[in-house]
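User: I have a model open on my screen and would like to learn how to read it. Could you walk me through it, one feature at a time?

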Amino acid sequence: MQMSKTADLWWKTAVFYCADVQTFLDADGDGQGDLTGMAHRVDYLADLGVTCLWLMPLYPTRDVDDGYDITDFLSVDPRLGDLGDFVELVRIARSRGIRVILDFVMNHTSDHHPWFKEARKDTANPYRDYYVWRSTAPPDTSALVVFPDQEDSIWEKDDRTDQWYLHNFYKTQPDLNTANPKVRDEIVKVMGLWLGLGVSGFRIDAVPFLFAQDTLPKKDQKFEWDPHLALRHVKAFCGRRGSEVVLLGEVNVARAEQAAFFGGADGDELTMQFDFIAMQATWLSLARGDAGPLVEALRGRPEADEESQWVNFLRNHDELTLDKLTDEERQEVFDAFGPDPDMQLYGRGLRRRLPTMLDGDPRRIRLAYSLMFSLPGSPVLFYGEEIGMGENLDVPGRYAVRTPMQWSAAQNGGFSKAAKRRLPRPLTEGAYGPDHVNVASQRNDPDSLWTFIAQLIRRYRQSPELGWGPFHPLEQPFDAVLAHVAKVDSWATIAVHNLGPDACRVPLSLASVAGDDLPPIAHLTDLLDDYRLEPVTDGSATPSIEVDLEGYGCRWLQVIREGDERIA
């Protein structure tokens, strides 16, 4: 495999880490996490093996939606620091081999953003068309709202001008009109600033909502609408600013629609997409102890061009959405991992973290992360996953999983020396609180979850075929087992995961990795354990192996060929 290619397309084998500056580390003692605190923990991230830090919104905000209601795209919220602090963080991260990408909201602003303040003054205001307005009363759109406990329509009447503005999220977050060329120019101007300050790309929030225009009367559509024009405009701009810039999209749509967001054969839109469908299928497979739903989901992935990439995750900063499952499938996951209605949100997802969903079973927790890291694509961790943090269900809504990072058993989990009342939100308590779950107790423990996650990251980075290879499942007789091979050129790794509680011996043919034009297979070595297999032929021309798995066991079997220079 050409290593120069893997370096050029760094995102194909990157390990992403999502963190909220406000809840990561408070360096100045005011109770709020800050950019200086994040800079103090760059060495920690480097030690873990992270290669790209994704920062949740850090812009000035009214804090109605945890920073996603932005009042100024060109600055830093003063509670977190200033632009100088941000530049210092990026510089330190780069010196440790870690790139930084920013959460970027192209879909909406705060209703206190200067653009919207101007737009609502008068229908003839120059900023009016920065947003989406309708002059007639909207139809019932209650079925389209994202937060049904807070909103009953995606339109809000503005009494000053007697018109309605579009807001797919909260009414305090009016949608931008990205069909307007002036808005697209504003967007790339903002991106240009942050690229100039050293970021390597952006996680684009709520991508499908950029195009939600179906309820707007034709007579109110002032611009010719090409639903993908905004993404192409941004991709072209970022490409001019640097070949390493990535656009990672939050695109939770059906499989049939996903390919278009990469830009088709031209690859001129998003660089990466989160695979929401595979994530949801993973939870259904874990609930059933049956690999079938996940295999089906991965087989359905649209093919992407060489420079594009899928991103694997088990949960993110929002609710763990299950919206692409059927009602019956969703109920299966609820019953298995969140039976209490208080654990559920909007009837479509869970507001829990993975360890509590799996009842703290270390076998199942490690299985889940091993599975995620072994799937084709790039993995992303949400802060605290590496130590097994839990949620705090006393914290409302999605914020239950956004509690302060647990660094130690000290005051406030080592997050801040301020009084508890000054923290952004309460810490997790009980068995998953910082007295029992923290970085300090795990970082040097060879048997801890932190050490296991660090090992997964290291092995993933040593096996670029996991990021580059397509999904190829291997036939075997057990419903609970997922066996697949990632192969690029002569490099191959076979991952075998047992989603059930019973031990088994899994027979596997090596036909897919043998190859007449490749050197013979000398042996296979487990990258996660002291386990080695030599292929057998039994008189057949096709070599095979039998893999021993414990209940909820996993193996990453790297193929070592005769004369291979890889160091297993």
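User: Let's begin with one residue. In which helix does S370 lie?

Analyst: Happy to help! Keep in mind that this is a predicted model. S370 is part of helix α13, which covers residues 362-374.

User: Is S370 buried or exposed?

Analyst: Relative accessibility is the number to read, and under 20% counts as buried. S370 has 0%, so it is buried. Setting aside residues up to four places away in sequence, S370 touches F452, L456, H497, L528, C554 and W556.

User: How do I read a nonpolar core, and which residues of the largest one touch the most other members?

Analyst: The general idea is that nonpolar side chains tend to be buried together in soluble globular proteins. Here the largest nonpolar core has 133 residues, and Y17, M191 and F202 are the ones touching the most other members. Helix α15 (residues 449-462) supplies the largest share of this core, eight residues.

User: Why does this core lie between domain 1 and domain 2?

Analyst: Because both domain 1 (114-166) and domain 2 (469-561) contribute residues to this core, it lies between them. The centres of the two domains, taken over C-alpha atoms, are 56 Å apart.

User: What is M191 in contact with, leaving aside its neighbours within four places in sequence?

Analyst: On that basis, M191 contacts F104, M106, F202, I204, V234, F237, C238 and L247. There is also a second, separate core of 21 residues, with A483, V513, I521 and Y531 among them.

User: Now for empty space. What is the volume of the largest pocket, and which residues lie nearest its centre?

Analyst: In general, rolling a probe the size of a water molecule over the atoms shows where empty space is left. The largest pocket here has a volume of about 730 Å³. Its lining holds 33 residues, and V146, F169, F209, E250 and N252 lie nearest the centre. By type, that lining divides into 15 nonpolar, six polar and 12 charged residues.

User: And which residues are closest to the centre of the second largest pocket?

Analyst: That pocket has about 400 Å³ of space. It is lined by 19 residues, and E303, A304, W310, G469 and P470 are the closest to its centre. Two or more lining residues come from each of α10 (292-299), β10 (309-312) and α16 (465-468). The lining of the second largest pocket comprises eight nonpolar, five polar and six charged residues.

User: Where is Q173, and what is it in contact with?

Analyst: Q173 sits in the loop between β6 (163-166) and α6 (181-196). Its relative accessible area is 0%, so Q173 is buried. Leaving aside neighbours within four places in sequence, Q173 contacts D65, Y68, D69, H108, T109 and H167. Measuring C-alpha to C-alpha, Q173 and A304 are 33 Å apart in space, with their positions 131 residues apart in sequence.

User: Last one: backbone angles. What is the phi of D359?

Analyst: As a general guide, most residues other than glycine have a negative phi. D359 is not a glycine, yet its phi is positive, near 55°. D359 lies in the loop between α12 (354-357) and α13. N412 also has a positive phi, about 55°, although it is not a glycine. N412 is in the loop between β14 (378-382) and α14 (439-442).

User: Are these two residues, D359 and N412, buried or exposed?

Analyst: D359 counts as exposed, at 66% relative accessibility. N412 is buried, with a relative accessible area of 6%.

Terms used
Residues are numbered from 1 along each chain as its sequence is written. This is a predicted model: local features need pLDDT of at least 70, side-chain atom pairs count only at pLDDT 80 or more; totals for chains, interfaces and linings use all residues. Side-chain values use heavy atoms; hydrogens and water are left out. A nonpolar core is a set of buried Ala, Val, Leu, Ile, Met, Phe, Trp, Tyr and Cys residues joined through side-chain atoms within 4.5 Å. Buried means under 20% relative accessible area, exposed over 50%, partly exposed in between (1.4 Å probe, protein chains only). Helices (H or I, at least four residues) and strands (E, at least two) are DSSP runs, numbered from the N terminus. Domain bounds come from an automatic or database domain assignment. Contact means heavy atoms within 4.5 Å. On a 1 Å grid over the protein atoms alone, a cavity is a set of points where a 1.4 Å probe fits but cannot get out, and a pocket is an open set with protein on both sides within 12 Å along at least five of seven lines; lining residues have an atom within 4 Å of a point. Grid points are joined across faces, edges and corners, and a volume is the space filled by probe spheres set on the points. Ala, Val, Leu, Ile, Met, Phe, Trp, Tyr, Cys and Pro count as nonpolar, Asp, Glu, Lys and Arg as charged, and the others, Gly among them, as polar.
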